[in-house]
Amino acid sequence: MHASVDDQKLVSLPVLGDDRGSLCSIEGEHGTSFPIARVYYIFGTKAGVARGFHAHKALRQLAVCVSGSCTMILDDGKSRRSFVLDRPDVGLIIGPMIWREMHDFSEDAVLMVLADQHYDEADYIRDYDAFLAMAVAND
Ligand code: T46
């Protein structure tokens, strides 16, 4: 089945606030819709630098910009959607076979990503034409 950018969605993360400030808790399964096997975060991205430019064959992820902001562009091979991530209480769920690019990192941006699998370079599709061929084959 062809993955669609329309199925990639922003989710509100419950904020547990009190008079000291705020706390967000994300649990695997019901918080992410998948078990969490890995957490990584991207910070110190230099001005004007874009990241990503790949898709994953199977990986599911939840991306949260816990500080600052960045723009995530998602592409299913047919259409593209752009999401501004600028809140620590909103995450973007990204499923398999979606090309992603991250742009416009603010100086203070920290993009935290929860993933359902350990790091595996074999799961990456880093060539856009190869991604398009696989997306068409899945149609
Ligand atoms: C994604 C976007 C949102 C590891 O060794 N372990 C890891 O868990 C990760 C994520 C990366 N790496 C190594 C692989 C590269 O040598 O760290 C280096 C930088 O990774 P990459 O160029 O893939 O980073 P981004 O920012 O282009 O993409 C990352 C994730 O890799 C990717 O899964 O969806 O963030």
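Modeller: A strand is a DSSP run of E with at least two residues, and strands are numbered from the N terminus. This model is predicted. Three strands meet that definition and matter at the ligand: E2, strand E3 (51–56) and strand E8 (99–103) each supply at least two residues of the shell around it.

Biologist: Which strand gives the most to that shell?

Modeller: E3 does, with 4 residues.

Biologist: How do I read the shell by class: how many residues are nonpolar, polar and charged?

Modeller: Count each class in turn. The shell has 5 nonpolar residues, 4 polar ones and 4 charged ones.

Biologist: Which residues come nearest to the ligand?

Modeller: There are 13 residues around the ligand, and Arg38, Arg51, His56, Gln61 and Tyr124 come nearest.

Biologist: How do I read a polar contact?

Modeller: Look for a pair of N or O atoms within 3.5 Å. Start with glutamine 61. An N or O atom of its side chain is 2.7 Å from an oxygen atom of the ligand. Next take arginine 100, which has a polar side-chain atom 2.8 Å from a ligand oxygen. For arginine 126, the distance from a polar side-chain atom to an oxygen of the ligand is 3.0 Å.

Biologist: How much of the ligand's accessible area does the protein cover?

Modeller: On its own, the ligand has 650 Å² of accessible area, and the protein covers 68% of that.

Biologist: Now the sheets. What holds strands together in general?

Modeller: Strands of a sheet pair through backbone hydrogen bonds, either parallel or antiparallel. Here, one open sheet has 5 strands in the order E1-E7-E4-E9-E2, paired antiparallel.

Biologist: Which strands stand at the edges?

Modeller: Strand E1 (9–12) and strand E2 (38–43) do. Each has a single partner strand, so one side of each lacks a neighbour in the sheet. From one strand to the next, the twist averages 25 degrees.

Biologist: How many bridges pair E4 with E7?

Modeller: There are 4 bridges between strand E4 (residues 61–67) and strand E7 (residues 90–94), and the sense is antiparallel. To place them, find valine 64: its bridge partner in E7 is glycine 91.

Biologist: Which strands does E3 pair with?

Modeller: E3 and E8 run antiparallel and are joined by 3 bridges. Histidine 54 stands opposite arginine 100 in E8. That arginine has a polar side-chain atom 2.8 Å from a ligand oxygen. E3 is also joined by 2 bridges to strand E10 (residues 124–125), again antiparallel. There, alanine 55 has isoleucine 125 as its bridge partner.

Biologist: What about E5: which strands are its partners?

Modeller: One is strand E6 (residues 80–85), which runs antiparallel to E5 and is joined to it by 6 bridges. Aspartate 75 has arginine 80 as its bridge partner in E6. Another is E8, paired with E5 in the antiparallel sense over 5 bridges. In that pairing, methionine 72 is matched with methionine 102.

Biologist: How many residues of E5 are buried?

Modeller: Buried means under 20% relative accessible area. In strand E5 (residues 70–75), 6 of 6 residues are buried. Cys70, Met72 and Leu74 point one way, while Thr71, Ile73 and Asp75 point the other way.

Biologist: Why does aspartate 75 count as buried?

Modeller: Its relative accessibility is 2%, so aspartate 75 counts as buried. A polar atom of its side chain lies 2.6 Å from the backbone nitrogen of glycine 77.

Biologist: Where is glycine 77?

Modeller: Glycine 77 sits in the turn of the hairpin formed by E5 and E6, which has 4 residues between the strands. Its phi is positive, about 95 degrees.

Biologist: Which residues have a positive phi without being glycine?

Modeller: Glutamate 29 is one, with a phi of about 70 degrees. It is found in the loop between E1 and E2, and is partly exposed at 48% relative accessible area. Phenylalanine 53 is another, with a phi of about 60 degrees. It belongs to strand E3 and is partly exposed at 33%.

Biologist: Is leucine 111 buried or exposed?

Modeller: Leucine 111 is buried, at 1% relative accessibility. Look for it in strand E9 (residues 110–115). From glycine 77 it is 34 residues away in sequence and 24 Å away in space, C-alpha to C-alpha.

Notes. Residues numbered from 1 in each chain as written. Predicted model: local features only at pLDDT ≥ 70, side-chain atom pairs only at ≥ 80, totals over all residues. Heavy atoms only, no water. Pairing = 2+ DSSP bridges. Axes fitted to C-alpha atoms, helices over the stretch in contact; angles between N-to-C directions. Near = heavy atom within 4 Å. Polar contact = N/O pair within 3.5 Å; in protein donor to acceptor, adjacent residues only side chain to side chain. Areas by Shrake-Rupley, 256 points an atom, 1.4 Å probe, with all protein chains shown as cover. Nonpolar A, V, L, I, M, F, W, Y, C, P; charged D, E, K, R; others polar. Buried < 20%, exposed > 50% of the residue type's maximum accessible area, 1.4 Å probe, protein only.
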